[in-house]
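The following exchange examines how geometric and accessibility terms are assigned in a predicted model. Each answer sets a computed value against its cut-off.

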Amino acid sequence: MSANGTDKKPPSPSPLRFSKFFQSNMRILVTGGAGFIGSHLVDKLMENEKNEVIVADNYFTGSKDNLKKWIGHPRFELIRHDVTETLLVEVDRIYHLACPASPIFYKYNPVKTIKTNVIGTLNMLGLAKRVGARILLTSTSEVYGDPLEHPQNESYWGNVNPIGVRSCYDEGKRVAETLMFDYHRQHGIEIRIARIFNTYGPRMNIDDGRVVSNFIAQAIRNEPLTVQLPGTQTRSFCYVSDMVDGLIRLMEGENTGPINIGNPGEFTMLELAEAVKELINPEVKISMVENTPDDPRQRKPDITKAKELLGWEPKVKLRDGLPLMEEDFRQRLGAPSKKN
Ligand SMILES: NC(=O)c1ccc[n+]([C@@H]2O[C@H](COP(=O)([O-])OP(=O)(O)OC[C@H]3O[C@@H](n4cnc5c(N)ncnc54)[C@H](O)[C@@H]3O)[C@@H](O)[C@H]2O)c1
Ligand SMILES: O=c1ccn([C@@H]2O[C@H](COP(=O)(O)OP(=O)(O)O[C@H]3OC[C@@H](O)[C@H](O)[C@H]3O)[C@@H](O)[C@H]2O)c(=O)[nH]1
């Protein structure tokens, strides 16, 4: 009797796979592929003509607009699907990103956020088991909570409030990581876990609520930059092209992780506001506003593992990445481009 209590072997891939005429394209599922990081990942995966990409997304925080250049492409398929329901597709790789990432959106329906992280990850692991796919989870630096170690390396177990308003996301991702390792140990599933630190870039929702998108939209509209108190809390911001590069290296490498993927350049929120002011609108005012509960006071990735195991480190500095994002926001807000 096997570990799952049955004598049946998992189904083998379709007989077509063993046909000598079979074109061995890599079939890749990206859950949450209509979102910010997901759509950039899809762009990169589609560059490789050997890849077929399937996106499954419920459009809660994502949009078809982010994928419009691929809709109708013969190697691309878009499915409106909620990962809390099962999905049956024949794939070789699963990038499992589906989950709202902005605190405003993950706190909007916390029970749904937990379901997305727990039931959604169970469903994707079940799919990986059925079709023998390798699965990568986009976990988060939030698993470290309000960290008491600085910078954070992967062996730190974190300082997370289990009953706070952020817990649906933080604890949801922690359970998702546990599920990944249990499926790996119990069923031999090939897993990869990325712990992503704050990522920014074009295509973030304008009303996403995260700090970089808020400040850029505010600077372009000449509205005060809302620095939440005390303003000395820190974050480390990674440009999205670096993030996508790190995720693909992790997926195709030999290590399960968890591996931190982020940019170690650390800034206080007041420093970030000053940088946005200087680069985008020197006239804009800065206004100090109330913060939300359990906001982590400091965050910076130790990326030694990513450097050693993936040969990866970020290339884009914050001062170079912010103007790239500004142009995209100007277009979408209907503000004149700075290039003209
Ligand atoms: N951006 C960051 O700074 C950051 C940091 C750490 C971890 N992450 C993780 O990376 C992933 C992508 O983040 P993002 O910034 O692109 O966020 P995003 O909100 O832009 O994208 C998330 C996508 O998942 C979809 N989605 C949400 N719930 C779903 C469900 N139940 N079923 C199907 N689709 C669903 C959304 O519609 C959206 O397209 C998330 O898992 C997030 O937790 C992001
Ligand atoms: O307008 C704002 C928004 C946010 N902030 C501050 O900026 C900091 C960063 O806040 P964000 O909402 O951008 O993101 P957080 O770092 O809190 O969480 C994020 O990080 C890890 C990911 O998993 C998630 O994408 C998200 O939870 C916080 O200290 C917050 O208080 C502002 O000062 N002003």
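Q: What makes the pair formed by an oxygen atom of ligand 2 and an N or O atom in the side chain of Asp-295 a polar contact?
A: The two atoms are 2.7 Å apart. A polar contact requires N or O atoms within 3.5 Å, so the pair qualifies. Likewise, a polar side-chain atom of Thr-140 lies 2.6 Å from an oxygen atom of ligand 2, and a polar backbone atom of Val-211 is 2.8 Å from an oxygen atom of ligand 2. The protein covers 94% of the 670 Å² of accessible area that ligand 2 has on its own.

Q: Why is the pair of Phe-60 and Phe-105 called edge-to-face?
A: The ring centres of Phe-60 and Phe-105 are 6.1 Å apart, and the planes meet at 80 degrees. Pairing requires centres within 6.5 Å, and planes over 60 degrees apart count as edge-to-face, so the term applies.

Q: Why is the pair of Tyr-106 and Tyr-169 described as stacked?
A: The angle between the planes is 5 degrees, with 4.1 Å from centre to centre. Planes under 30 degrees apart count as stacked, which means that the description holds. Tyr-106 belongs to helix 2 and Tyr-169 to helix 4, 63 residues apart.

Q: Why does Tyr-169 count as buried, and why does Phe-60 count as partly exposed?
A: Tyr-169 has 8% relative accessibility, whereas Phe-60 has 37%. Buried means under 20% and exposed over 50%, with partly exposed in between, so Tyr-169 is buried and Phe-60 partly exposed.

Notes. Residues numbered from 1 in each chain as written. Chains lettered and ligands numbered in written order. Predicted model: local features only at pLDDT ≥ 70, side-chain atom pairs only at ≥ 80, totals over all residues. Heavy atoms only, no water. Polar contact = N/O pair within 3.5 Å; in protein donor to acceptor, adjacent residues only side chain to side chain. Areas by Shrake-Rupley, 256 points an atom, 1.4 Å probe, with all protein chains shown as cover. Phe/Tyr/Trp six-rings, centres within 6.5 Å; stacked < 30°, edge-to-face > 60°. Buried < 20%, exposed > 50% of the residue type's maximum accessible area, 1.4 Å probe, protein only. Helix = DSSP H or I, 4+ residues; strand = E, 2+ residues; numbered from the N terminus.
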